[in-house]
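Please find below my notes on the model, set out as numbered points. They are meant to be read beside the sequence and the structure.

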Amino acid sequence: SEGTNREVKDDLQKLLDAELNPFAEQEKNLVRLLLNYGNKLIEIQYTNAENEIAAIEISIAEYILKGLEQDELSFIDPVYQMFLYEFIIQINQEKIPAATYFTNHNNPNISTTAINLISSDHVLSDKWKARHNIYISHETDNLKKTVDHDLYAYKERRLQKLLRAEIEKLKITTNEEEVQNLLLSIQRLDAQKAVANKLLGRTII
């Protein structure tokens with residue numbers, strides 16, 4: 001039937017997308033969090049100038065963007081990356097865009113994607129939960145926990161892939177300067193990945 005053929009095509013497209021960008025589902029979920037909760041405030045702790053633990057409130061949009069910027073990461077999917085650019089531009093103007101900013105966007109790729117993501121608000125598939133070990137009764141019960149898990153799980157996977165790529169380059173590099181640069185890069189990526197794993201509560205031996 002026509003409906004079955006469409007479902008088969010959709011499944012094949014998902015498989016192709018996953019092969020081209022294995023991080024697409026995680027990027028989509030982070031954009032969904034930005035759209036639905038970007039202007040919500042969460043409390044984070046930091047060490048102040050007096051070396052004391054202090055707390056400040058920050059929007060979820062700023063928290064996610066700073067987290068990605070910290071490890072020099074951007075999204076691979078060009079449409080999801082457009083959302084990041086829009087949030088960066090607006091935050092630099094001291095604004096946090098509402099979901100309607102994106103659903104009414106003049107770029108149809110952005111507006112269509114935004115509408116689809118917002119319509120699936122609060123819905124995480126059972127497969128997604130099982131695959132990424134998300135065991136929370138509802139994502140709004142503890143937004144910081146939800147955002148932390150999704151952000152750092154994404155960062156850990158991206159950093160792991162970058163780390164492997166650098167290790168493969170090191171195997172075939174003979175130039176001494178390039179070898180030193182790669183070793184420094186590997187050391188940096190390994191340290192960043194360790195931080196992500198620590199914040200995810202994982203112990204890597």
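**Notes on the predicted model**

1. I begin with one residue of a charged pair: Lys144 counts as partly exposed because its relative accessibility is 26%, where buried means under 20% relative accessible area, exposed means over 50%, and partly exposed lies in between (1.4 Å probe, protein chains only). Its partner in a salt bridge is Asp148, with 2.6 Å from N to O; a salt bridge here is a side-chain nitrogen of Lys or Arg within 4 Å of a carboxyl oxygen of Asp or Glu. Asp148, at a relative accessible area of 17%, is buried. The two residues both belong to helix 8 and are four residues apart, about one turn of the helix.

2. On the basis of these notes: this is a predicted model, in which local features need pLDDT of at least 70 and side-chain atom pairs count only at pLDDT 80 or more, while totals for chains, interfaces and linings use all residues. Residues are numbered from 1 along each chain as its sequence is written, and side-chain values use heavy atoms, with hydrogens and water left out.

3. As to the overall layout, the chain holds nine helices and two strands, these being DSSP runs numbered from the N terminus (helices H or I, at least four residues; strands E, at least two). Read from the N terminus, the order of elements is α-α-β-β-α-α-α-α-α-α-α. Of the 205 residues of the chain, 40% count as buried. Among contacts with a separation of 6 or more, 60% are between residues 24 or more positions apart, a contact being heavy atoms within 4.5 Å. The chain exposes about 13,100 Å², of which carbon and sulfur atoms supply 51%, the areas coming from the Shrake-Rupley method with a 1.4 Å probe, and for residues only the protein chains shown count as cover.

4. The two strands form a hairpin: strand 1 (residues 41-47) and strand 2 (residues 53-59) run antiparallel and are joined by seven bridges, where pairing requires that DSSP finds at least two bridges between the strands. One point of register that can be checked directly is Gln45, whose bridge partner in strand 2 is Ala55. Five residues lie between the strands of this hairpin, and Asn51 takes a positive phi near 65° there.

5. Two further residues deserve a look at their backbone, given that most residues other than glycine have a negative phi. Glu72, which is not a glycine, has a positive phi of about 55°; Glu72 sits in the loop between helix 3 and helix 4 and is exposed, with a relative accessible area of 68%. Glu94 likewise has a positive phi, of about 60°, without being a glycine; Glu94 lies in the loop between helix 4 and helix 5 (99-103), and at 78% relative accessibility Glu94 counts as exposed.

6. How many salt bridges does the rule give? The count comes to five. One of them joins Lys155 to Asp71, with the closest N and O atoms 2.9 Å apart. This pair links distant parts of the chain, 84 residues apart, with Lys155 in helix 8 (residues 143-172) and Asp71 in the loop between helix 3 (60-70) and helix 4 (78-92). Both Lys155 and Asp71 are buried.

7. Helix 8 also holds the salt bridge between the side chains of Glu168 and Lys171 (3.0 Å, N to O). Because they are three residues apart in helix 8, about one helical turn separates Glu168 from Lys171. Glu168 is partly exposed, with a relative accessible area of 45%, whereas Lys171, at 60% relative accessibility, counts as exposed.

8. Helix 2 takes part in two packings described here. The axes of helix 2 (residues 24-37) and helix 6 (residues 108-119) come within 10 Å and cross at roughly 80°, the axes being lines fitted to C-alpha atoms, for helices over the stretch in contact, with angles from 0 to 180 degrees between N-to-C directions. Helix 2 is therefore roughly perpendicular to helix 6, as angles of 65 to 115 degrees count as roughly perpendicular, under 35 as roughly parallel, over 145 as roughly antiparallel and the rest as oblique. The contact is made by Lys28, Val31, Arg32, Leu35 and Asn36 of helix 2 with Ala114, Leu117 and Ile118 of helix 6.

9. Against helix 3, helix 2 packs at an angle of about 150°, with the axes 9 Å apart, which means that helix 2 is roughly antiparallel to helix 3. Here Leu30, Leu33, Leu34 and Tyr37 in helix 2 meet Ile60, Ala61 and Ile64 in helix 3.
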